[in-house]
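This report walks through one structure for a reader who has not met it before. Please keep the sequence and the 3D view at hand while reading.

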Amino acid sequence: MRFNMLKTALKTLPALMIGVTMANAALAADVKLGLAAALTGPAAKYGVAIKNGFTLATDEVNAKGGVNGNKLVLIPEDEQGKKEEAINVFKKLIFQDKVLMVFGPTLSNSAFAADPIANASKVVAFGTSNTADGITAMGPFTFRNSVMEADVLPVTVKAAVKHFGIKKVAVIYGNDDAFTKSGYDVFKATLEQQKIPVTTTEAYAKGDVDFKAQLTKIKAGNPDAIVCSCLAEEAANIILQTRTLGMKQPFIGGNGLNSPKLFEIAKDAGDNTLMGSPWSAENLTPANKAFIAAYKAKFGTDPDQFAAQAYDALYVVVEALKNVKLSGALDKDRDALRAALPAVKIDGATGKFAFRPAPPVAGKQVGFDAQQEAIVNIAKGGKFVLLK
Ligand code: 1QQ
């Protein structure tokens with residue numbers, strides 16, 4: 001009797017062992033990736049597209065078996081485009097959810113508040129839409145694939161001057177947001193460098209809806225174009241009110257204007273607006289075509305620059321993860337991902353991408369910026385087309 005039991009036990013042993021192996025395979029770690037994005041409020045114009053880009057890429061990767069057999073788990077949180085909320089969301093993702101890394105937040109303004117938490121905790125904070133100067137100076141764990149205004153605006157201004165034969169411009173900018181202020185500084189330096197006189201410089205505050213006072217002064221200077229370092233919502237209202245005042249000048253903007261939402265408000269009053277971007281819907285590389293088709297199929301809308309950068313960012317991290325042997329010890333794994341990221345190169349929806357080390361701060365190596373060419377787009381009939 002006993003012998004029989006032993007025999008049965010021995011027979012089932014291989015099955016048991018297979019069971020254990022399978023359990024191990026099924027237990028292959030879930031890789032938790034946090035996403036801090038503005039999903040409500042005015043910055044949701046960017047944040048929702050960002051979340052969609054990440055969701056699409058994550059689903060694609062998981063459908064192909066994940067990374068080294070590990071499934072990616074995206075944990076999106078709404079930081080509302082506000083500094084305090086970005087801090088809260090970073091803390092929740094890092095300390096409570098114990099994510100491997102965090103993508104976001106959406107605005108540079110929020111990144112300046114939240115990224116120090118990631119750097120202090122030695123967790124990668126990867127911005128896909130932060131373009132202000134100084135973002136990657138915050139520490140060695142801050143990365144971005146968004147092309148900074150300092151790289152985009154000189155190219156945009158040069159193209160605008162040539163295209164419209166511009167001799168003098170007026171400038172309007174938001175003076176209480178890190179991105180609009182940084183964009184203003186870059187525009188100012190660029191205009192000086194390219195010897196374009198400025199007729200009038202005007203400022204506004206976040207949430208302003210009436211820009212007539214500033215625009216009336218700008219009108220009096222009779223500029224050939226208006227330079228706008230603005231986020232999409234304010235930019236759209238500024239453009240509309242300019243037309244109400246009978247002004248026909250073209251606008252020149254930065255990354256903030258790169259949302260199709262601009263045209264939902266400004267309609268074709270936004271025509272002839274020029275802006276630089278690493279991404280264009282007209283760039284018909286296989287990677288971009290596949291991205292655009294998959295995005296439309298999944299979300300029923302066209303993607304924008306912000307969706308494309310989020311999509312590419314996920315694939316950048318996937319490339320890094322292929323070279324990381326996850327140990328299950330979170331601190332070690334977070335560090336290993338940090339070490340693997342700088343060498344990543346991909347050819348994505350936004351084209352060829354690589355990192356470049358940000359300028360050192362007090363002799364110390366800090367984070368990594370995007371090394372990518374800017375393309376100049378022009379608005380025509382409520383759409384961005386390549387400026388030829
Ligand atoms: C920044 C930006 C905005 C336009 C984000 C969407 O570039 O805040 O840096």
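## Strands 11, 12 and 13

In this predicted model, strand 12 and strand 13 (residues 368–371) run antiparallel to each other and are joined by four bridges. Within this pairing, Phe 355 stands opposite Ala 370 in strand 13.

Strand 12 (residues 351–357) also pairs with strand 11 (residues 345–348), again in the antiparallel sense and over four bridges. Here Asp 347 has Lys 352 of strand 12 as its bridge partner, and the two strands, 11 and 12, make a hairpin that leaves two residues between them.

## The open sheet of seven strands

Elsewhere in the model, seven strands come together in an open sheet, whose order is 7-6-8-9-10-14-15 and whose pairing is mixed. Its edges are strand 7 and strand 15 (383–386), each of which pairs on one side only. From one strand to the next, the twist averages 25 degrees.

One pairing in this order can be followed in detail: strand 10 (residues 274–277) and strand 14 (residues 375–380) run antiparallel and are joined by four bridges. Leu 274 has Ile 378 as its bridge partner in strand 14.

## The surroundings of the ligand

Which residues surround the ligand? The shell consists of Tyr 46, Thr 106, Leu 107, Ser 108, Ser 129, Asn 130, Thr 131, Ala 132, Phe 179, Leu 231, Asn 255 and Gly 256. Sorted by character, five residues of the shell are nonpolar and seven are polar, while no charged residue is found there.

The ligand lies between domain 1 (27–147 + 283–373) and domain 2 (150–277), because both domains give residues to the shell around it.

## Helix 2 and what follows it

Helix 2 (residues 44–63) has 20 residues, and the distance from its first C-alpha to its last is 28 Å, close to the 28 Å expected at 1.5 Å a residue. The helix is mostly covered, since 15 of its 20 residues are buried.

Helix 2 is followed by Gly 65, which has a positive phi, near 100 degrees. The loop between helix 2 and strand 2 (71–78) also holds Asn 68, a residue that is not a glycine and yet has a positive phi of about 50 degrees. Asn 68 is partly exposed, because 15 other C-beta atoms lie within 10 Å, a count that falls between the 12 or fewer of an exposed residue and the 20 or more of a buried one.

## Other loops with notable residues

In the loop between strand 3 (101–103) and helix 4 (108–120) lies Pro 105, and the peptide bond that leads from Gly 104 to Pro 105 is cis, with omega near -5 degrees.

Is Lys 195 buried or exposed? Lys 195, in the loop between helix 6 (178–193) and strand 7 (198–204), counts as exposed because it has 7 C-beta neighbours inside 10 Å. Its phi is near 55 degrees, which is a positive value in a residue other than glycine.

Asn 323 belongs to the loop between helix 11 (305–322) and helix 12 (330–340), and it counts as partly exposed because it has 14 C-beta neighbours inside 10 Å. Asn 323 and Ala 281 are 42 residues apart along the chain, and their C-alpha atoms are separated by 31 Å.

Note on methods. Residues numbered from 1 in each chain as written. Predicted model: local features only at pLDDT ≥ 70, side-chain atom pairs only at ≥ 80, totals over all residues. Near = placed C-beta within 6 Å. Nonpolar A, V, L, I, M, F, W, Y, C, P; charged D, E, K, R; others polar. Domains from an automatic or database assignment. Expected span 1.5 Å × (residues − 1). Pairing = 2+ DSSP bridges. Axes fitted to C-alpha atoms, helices over the stretch in contact; angles between N-to-C directions.
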